[in-house]
Amino acid sequence: MSSSSPSPSPISSETTISKEIDPNNVSLAENFLKSFTCPDSSLDDFASFDSFSVLFQNNIRALSVARGRITCSVVVTPGLTNYFNGLHGGAVASIAERLSMACARTFVSEEKQLFLGELSMSYLSAAPVTSELVVEGSVVRSGRNLTVVNVEFKMKDTMKVTYLARATFYQSIISKL
């Protein structure tokens, strides 16, 4: 792919999208995932074309989007690995945060501002370089002021769980002054 060609959409024609989910929520999730590959000035804090976007631009692809559930594929490349050639813990946490935020947005309206209150990580086993992971995010609970999302990283070939994350987002209504 040449540098002048546009980046592909993270939600492709191969992605399965539930008919139960509101198309606006699919669009929100796509915009969060698109922030990995394409700069878009109309998006808020999570869309800046930064080092995060550059590191992950060719590694993440959405597989399915439904209300409260998003599944992605992540390829472990040498740029994302640690000294031992396993997926770097910071990369795992970054992917977990972005995916959980996108997943929460399928439940929480855009009128409410979300901010990450807690992110807990469990590093169970390393994902070696050149391996592919299936990353599944699902909303555990979403209420008036709080949304909790669970994220599982599994090896694609064995479906062995390698990393677990749980994110808690707090919601606040944006004032209209």
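In this predicted model, Lys156 and Glu132 form a salt bridge, with their closest N and O atoms 3.7 Å apart. The pair connects distant parts of the chain, since Lys156 lies in the loop between strand 6 (146-155) and strand 7 (161-173), whereas Glu132 lies in strand 5 (residues 132-142), 24 residues apart. The structure holds 3 salt bridges and 0 disulfides. The mean pLDDT of the protein chain is 80.

**Salt bridges**

- Lys156 has a relative accessible area of 45% and is therefore partly exposed. Its partner Glu132 also counts as partly exposed, at 25% relative accessibility.
- A salt bridge joins the side chains of Glu136 and Lys154, at 3.4 Å from N to O. This pair likewise links distant parts of the chain: Glu136 belongs to strand 5 and Lys154 to strand 6, 18 residues apart.
- Lys154 also meets the side chain of Glu152 in a salt bridge, at 3.3 Å from N to O.
- Glu136, Glu152 and Lys154 are thus connected in a network of salt bridges.
- Within this network, Lys154 is buried, with a relative accessible area of 15%. Glu136, by contrast, counts as partly exposed at 22% relative accessibility, and Glu152 counts as partly exposed at 24%.

**Cysteines**

- The structure holds 0 disulfides. Cys72 is in no disulfide, and the nearest cysteine sulfur to it, that of Cys103, is 9.3 Å away.
- Cys103 is likewise in no disulfide, its nearest cysteine sulfur being that of Cys72 at 9.3 Å. A disulfide requires the two sulfur atoms to be within 2.5 Å, so a separation of 9.3 Å does not qualify.
- Both cysteines count as buried: Cys72 has a relative accessibility of 3%, and Cys103 has one of 0%.

**Helix 3**

- Helix 3 comprises 17 residues (residues 89-105). From its first C-alpha to its last, helix 3 reaches 24 Å, close to the 24 Å expected at 1.5 Å a residue.
- Of the 17 residues of helix 3, 13 are buried, so this helix is largely enclosed by the rest of the structure.

**Confidence of the model**

- The mean pLDDT of the protein chain is 80, and 75% of its residues reach 70 or more.
- Among the elements of the chain, strand 6 has the highest mean pLDDT, at 96, and helix 2 (residues 51-56) has the lowest, at 61.
- Over residues 1-8 the pLDDT is below 50. Beyond near neighbours in sequence, this stretch has 5 contacts in the model.
- Residues 39-48 form a further stretch in which pLDDT stays under 50. For residues 39-48 the model has 12 contacts beyond four places in sequence.

How values were computed:
Residues are numbered from 1 along each chain as its sequence is written. Side-chain values use heavy atoms; hydrogens and water are left out. Helices (H or I, at least four residues) and strands (E, at least two) are DSSP runs, numbered from the N terminus. The expected span of a helix is 1.5 Å times one less than its number of residues. Buried means under 20% relative accessible area, exposed over 50%, partly exposed in between (1.4 Å probe, protein chains only). A salt bridge is a side-chain nitrogen of Lys or Arg within 4 Å of a carboxyl oxygen of Asp or Glu. pLDDT is the predictor's confidence in each residue, from 0 to 100. Contact means heavy atoms within 4.5 Å.
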